Every structure is written in structure tokens, then in C-alpha cells.
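User: Hi! I am new to reading protein models and would like to go through one with you. Could we take it step by step?

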Amino acid sequence: MIEGALWRRWVFFYIPMALFLIFLLFPFYWMIITSVRPDGELYRPWNSINYNPFWTWKPTWDHFKYLFEETLFSAWLWNTMFIALVSTAISLVCGVFAGYALSRLNFPFAGSLGTGVFITYLVPQTLLFIPLAEMIRNYRLGDTPWSLILTYPTFLIPFCTWLMMGYFKAVPKELEECARIDGASRWQAMLYIIIPVAIPGILSAGIFAFTLSWNEFIYALVFLSSPEQKTVPVGVTSELIRGDVFFWGPLMAGALLGSIPVAIAYSFFVEHYVAGLTGSVKG
Amino acid sequence: MAVQAITTTLGEAPQPRRQRLLEDERWLAFFLIVPTMVLLGMFIAYPFVRGILLSVTNSRVGVPGDFVGLANFHKIWNDSIFRTSVYNTFLYTGVTTVFKLSLGLWLAMLLNRNFKGKAFTRAFILLPFIIPTVLSTFAWKWMFDPTFSVLNWLLFHVGAITGRINWMGDPDLAMISIIIVNIWRGVPFFAISLLAGLQTISPELNEAAAIDGAKPWQRFWHVTWPLLLPVTMVVVLFSVIQTFADFQIVYVMTGGGPANATHLFATYAYQIGIGTGLLSEGAAISLAMFPVLLLVVVFQLLYIRRVETR
């Protein structure tokens with residue numbers, strides 16, 4: 001428990017903590033309240049009298065209705081989900097295999113390949129998006145989900161590999177040796193003995209990779225052009241703003257609905273996510 | 001269960017040649033690593049080379065272009081908007097990193113105590129980091145809206161301002177706004193990573209220092225901080241790379257405006273390369289990030305190696 005005199009507890013713990021929570025969570029509250037507020041209340045000048053911006057007595061579903069009836073929001077949700085799941089699956093398979101090889105097998109250049117993967121992990125998407133856009137166009141992949149399914153693994157695999165290397169290193173060598181003595185081949189020892197032991201790591205890598213690909217923006221923005229192919233972040237950005245006019249109600253409703261799948265995935269696996277996050281930086 | 005699985009698959013007796021190859025450690029490693037290397041080679045190494053080749057031509061969208069040497073780099077060097085972007089990027093990275101580290105460390109220290117609802121609080125605190133940045137940045141943009149800003153309402157009603165503040169219309173205020181959003185997004189990452197570091201420090205060390213008469217501030221400075229330094233370094237370098245190459249927050253909040261005053265490397269590269277279709281010039285702008293990124297990565301590699309060998 002927090003120790004010390006009452007005023008000390010308030011000054012050094014409760015008040016700073018409350019301020020942090022308000023700062024970090026207020027935008028989400030604002031997103032929710034905006035999404036259910038009628039337009040008449042939304043577009044009222046900030047200095048008009050008798051105006052309480054933090055609450056509404058006339059909640060409405062209009063903005064959500066608009067989103068599903070007037071825009072392709074459900075298609076964007078589906079696209080994002082599909083792309084995130086497939087690219088996560090590809091990255092997990094590649095990352096688990098590569099992580100196993102780099103951490104548990106002896107072969108020439110293992111060390112420098114490991115360093116190479118670490119370096120690619122640090123390459124930001126914004127460094128390469130222009131030549132990639134040109135390549136995607138040349139291969140006629142532009143405006144298809146495959147342009148993202150093939151490019152997302154470039155930032156997911158290094159992360160998965162790096163995380164899995166950490167998990168595999170912690171598994172004792174004897175486990176494999178026992179299996180080999182019992183007659184298992186190397187491949188079987190890996191598939192049936194070591195990988196099952198590392199399942200918590202695979203879950204962490206998977207949940208983290210899923211949120212990363214759900215989050216990705218610049219590749220999706222550059223590679224996709226037709227409205228029905230877009231992902232949620234790009235669709236919301238490009239289709240709910242007409243010139244200078246922002247449809248704030250539907251925008252916030254879209255932002256809210258677009259966040260919910262990640263928030264749900266996250267809430268089920270908080271511990272794994274945190275393990276993935278801290279593991280990803282420590283390695 | 002695992003043993004059962006082995007005996008059943010052993011009975012099938014796979015093709016001998018494939019099995020012999022997989023029994024060889026090097027071949028197995030080779031097979032396991034090939035998919036990763038192919039994908040990373042095709043979509044990281046190759047585009048990197050393409051980017052360099054692109055930056056020394058005058059290609060536009062649909063036009064291959066000719067070799068022009070370093071003309072693109074020469075052009076952006078004399079471009080005042082590019083110079084502003086360079087300045088902005090360093091300012092943005094520097095200021096946000098200082099705030100993210102100090103606030104993140106503070107929050108981590110708060111979370112490192114035992115209190116009711118700790119797990120719950122920790123889970124909620126990470127939300128800004130996991131929610132898609134573009135979507136949460138829209139909530140901030142709406143909060144900073146010139147006419148309907150809730151922040152203006154708040155400041156007005158506590159008596160801090162008398163007229164409205166046009167957050168996105170003034171270059172300095174727009175820069176401050178995007179810096180605030182970046183800090184908001186990054187603090188949870190710092191806090192949770194540093195909290196993991198704090199939890200590995202044995203409380204006995206602090207207790208021993210307290211018995212020796214060290215004040216709380218001295219305990220932090222002489223015990224906690226040095227032990228936390230390796231984690232801090234890795235987190236900071238990691239965040240510096242991400243922030244330096246940031247795109248989403250500026251793209252949504254200001255789009256580089258007003259009057260191109262808040263561009264970063266990435267948003268300016270996007271505007272030139274994709275917006276106006278000058279592919280080669282855009283490639284040159286984003287490649288201009290590379291020397292700084294390389295420096296940070298090399299530093300990080302050396303630091304990790306030094307910590308590991310100690």
C-alpha cells in the first residue's frame with residue numbers, strides 16, 4: 001500500500017496519477033461522447049452560453065448509421081481484419097522459424113544474420129515507401145490487399161524473430177537432446193518439443209504483430225486508391241473529409257469502431273502484450 | 001502428448017533424402033531462415049537499393065527518367081521548406097523525447113508501488129499506444145479545432161484566455177500541438193517499458209540505501225537510475241528512431257501546414273514524392289533521414305554489445 005501521511009499520499013501519488021490518467025484517457029472519452037452527440041450540439045461555438053461540452057442528454061446513433069449506410073466502413077473493417085490476420089500469420093511462421101534457427105542452431109554467419117534482422121527491425125516504413133510504391137506499381141499489386149500482406153511482414157518478421165529468439169534462448173538445450181535420444185529428428189524436436197514450450201512467446205508476438213498491422217498507415221495510404229479496398233485508418237482519413245469539411249460525428253464514430261477490435265484483442269491478452277512490448281525493446 | 005505425436009509421425013517415415021537434409025544442422029537452419037530472408041530481401045534490401053537509384057534520376061510517376069547525379073540532393077539542400085523540415089524533425093524528436101522520458105519515468109515510478117487496481121490502471125494506461133495512431137490523432141484534431149475546441153472552452157472557463165486560440169493556424173502553436181500528441185502517444189510506451197526495468201531492481205538495494213541514511217532523491221539518483229540506465233538507453237534510442245521518422249501525427253493534425261511550417265522529413269517526402277509525383281525527389285528526401293538513423297542504430301548496436309559483454 002502507499003505509505004506516509006495523508007497529504008503526502010495525495011501530493012505524491014493520487015493527484016499525479018489522476019492527472020496522468022486524465023491526460024492519457026481524455027481523448028478517448030472525447031471520441032465516445034462526440035460519436036453519440038447530435039450535430040446540432042457538435043457544431044456550437046465553444047464560447048456559446050449554457051453549453052456543457054462534456055455531456056449530452058440527447059445521445060444519437062445517427063453517426064454510426066451514416067458510417068454503415070453512406071460509407072464503405074464495413075468493407076474497410078473487413079479489409080483491415082483480413083490483412084492484419086494474414087500478414088500476422090505469415091510473420092509468425094517466418095519469425096518462429098528464423099528465431100529458432102538464429103538462437104538454437106549453429107551455422108555460418110548466424111551472428112551477422114541476427115544483427116541484420118535487428119537492423120531491419122529498426123528500419124522505419126517512411127524510409128522506403130517511395131521506392132516500394134514504385135515496385136508495387138510495377139508488379140501490378142497496387143490497390144490490392146496483397147500489396148499490404150506482402151509488405152507488412154517486413155516490419156513484423158524482424159520483430160517476431162527478435163522476440164522469439166529471446167524466448168527460445170531461455171529453453172534449456174537438454175530438452176531437445178532428450179527428444180533426440182528418444183529418436184526424434186531435429187525437425188520433430190523443434191516442432192513438437194521446443195515450439196510448444198514457446199507458445200506464450202508466440203502469443204505475445206502474434207498479438208503485438210496484429211496491433212502493429214492494424215495500426216499501419218503510410219503503406220496503406222500510398223498503395224491503396226479505390227475506396228472499397230481501403231483499410232480503416234485510410235478510409236476514415238480520406239472518405240470522411242471532403243476538402244475542408246470534416247464530418248466529425250461519423251469520424252469519431254469510425255475512430256471508435258476502428259479501435260474496438262484492437263482494444264478487444266488487447267484486453268484479452270494484456271499480459272502477453274506487455275511481455276511482447278518489453279521483450280521487443282530488450283531482446 | 002508431445003511424445004505421442006512423435007511416435008505417430010515417426011511411423012510415417014518421410015522421404016529419406018529430405019530427412020537427411022533436415023538432420024544436418026546447417027541445412028535445417030538454411031530452410032528455416034530462407035522465407036524470412038526472401039521477404040526481407042525483396043521488400044527491404046531491394047527497395048533500399050531502388051530508393052538510392054531513384055534518388056539519382058529525375059523520374060516522375062510513369063516516367064522512368066535519366067541519371068542526374070546528385071542534382072536532387074542539391075535541389076533539396078537549397079529548398080527552404082526542406083530546411084524547415086530538418087529543423088522541425090530535430091526539434092520534434094528532441095523535445096518529445098525529453099518529455100516522454102521524464103513523464104514516462106515518473107509514471108513508471110508511480111506504477112511501481114502497490115495500490116488497489118494496479119493491473120487495471122496499467123492496462124488502461126497503454127491505450128494511447130495500442131489504439132491506431134491515426135484514429136486517436138483525429139480525436140486530438142477535433143479537440144484542437146479552431147471553432148469548436150474543447151481546450152479553448154476549458155481555458156476560457158478557467159479564465160486563462162479571453163479570445164479563442166487558433167491552434168492549427170499559427171506555426172508555433174501547430175508545432176506545439178503535434179508535440180503534445182506525440183508525447184501523449186509515447187508516454188505509455190516509456191512508462192510500461194521502464195516499469196518492467198524497475199521491477200527487475202531488487203527492493204533490498206533501496207532499503208539498504210535507506211538504512212544507510214540516503215534520502216529518496218539520493219536513492220533514486222545513486223541506486224535506481226544507474227541500474228535502470230541500460231533499459232532506458234534502449235527505450236530512448238528505439239523511440240528516437242520512431243519519432244524521427246514519424247508521419248501519421250503530422251499528416252493528420254496539420255498536413256505539414258500552415259504554409260508548410262510543420263513538415264517533418266516523412267511528410268515532406270510524401271508531399272513531394274506522392275502528392276506532386278516527383279518520385280525521385282521524394283526518395284531523396286526520405287533517404288536524407290538515413291545518415292541520422294544509421295548513427296542511432298550503430299550506437300544502439302554498440303551499446304547493446306557493451307552491456308552484454310559486461
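User: How many residues of chain A are in contact with chain B?

Analyst: Happy to help, and do keep in mind that this is a predicted model. Contact here means C-beta atoms within 7 Å. On the chain B side, 83 residues take part, and on the chain A side the number is 82.

User: Which helix of chain A gives the most residues to the side that touches chain B?

Analyst: Let's look at that side of chain A by class: it has 61 nonpolar, 18 polar and 3 charged residues. The top contributor gives 12 residues and spans residues 6–35, and that is helix 1 of chain A.

User: Is A:Ala179 buried or exposed?

Analyst: First, find A:Ala179 in helix 9 of chain A, residues 173–181. Leaving out residues up to four places away in sequence, A:Ala179 touches A:Ala184, A:Ala189 and A:Ile193. A residue needs 20 or more other C-beta atoms within 10 Å to count as buried. Because A:Ala179 has 21 such neighbours, A:Ala179 counts as buried.

User: How far apart in space are A:Ala179 and A:Val11?

Analyst: In sequence, 168 residues separate A:Ala179 and A:Val11. In space, going from C-alpha to C-alpha, the distance is 58 Å.

User: What is the radius of gyration of chain B?

Analyst: Chain B has 16 helices and 0 strands, and its C-alpha atoms fill a box of roughly 80 × 75 × 35 Å along the principal axes. Of its 310 residues, 39% count as buried. For a compact globule of 310 residues we would expect a radius of gyration near 19 Å, but the value for chain B is 26 Å.

Technical notes
Residues are numbered from 1 along each chain as its sequence is written. Chains are lettered from A and ligands numbered from 1 in the order in which they are written. This is a predicted model: local features need pLDDT of at least 70, side-chain atom pairs count only at pLDDT 80 or more; totals for chains, interfaces and linings use all residues. Helices (H or I, at least four residues) and strands (E, at least two) are DSSP runs, numbered from the N terminus. The radius of gyration is taken over C-alpha atoms; the globule rule is 2.2 Å times the number of residues to the power 0.38. A residue is buried if 20 or more other C-beta atoms lie within 10 Å of its own, exposed if 12 or fewer, and partly exposed in between; C-beta atoms are placed from the backbone. Two residues are in contact if their C-beta atoms, placed from the backbone, lie within 7 Å. Ala, Val, Leu, Ile, Met, Phe, Trp, Tyr, Cys and Pro count as nonpolar, Asp, Glu, Lys and Arg as charged, and the others, Gly among them, as polar.
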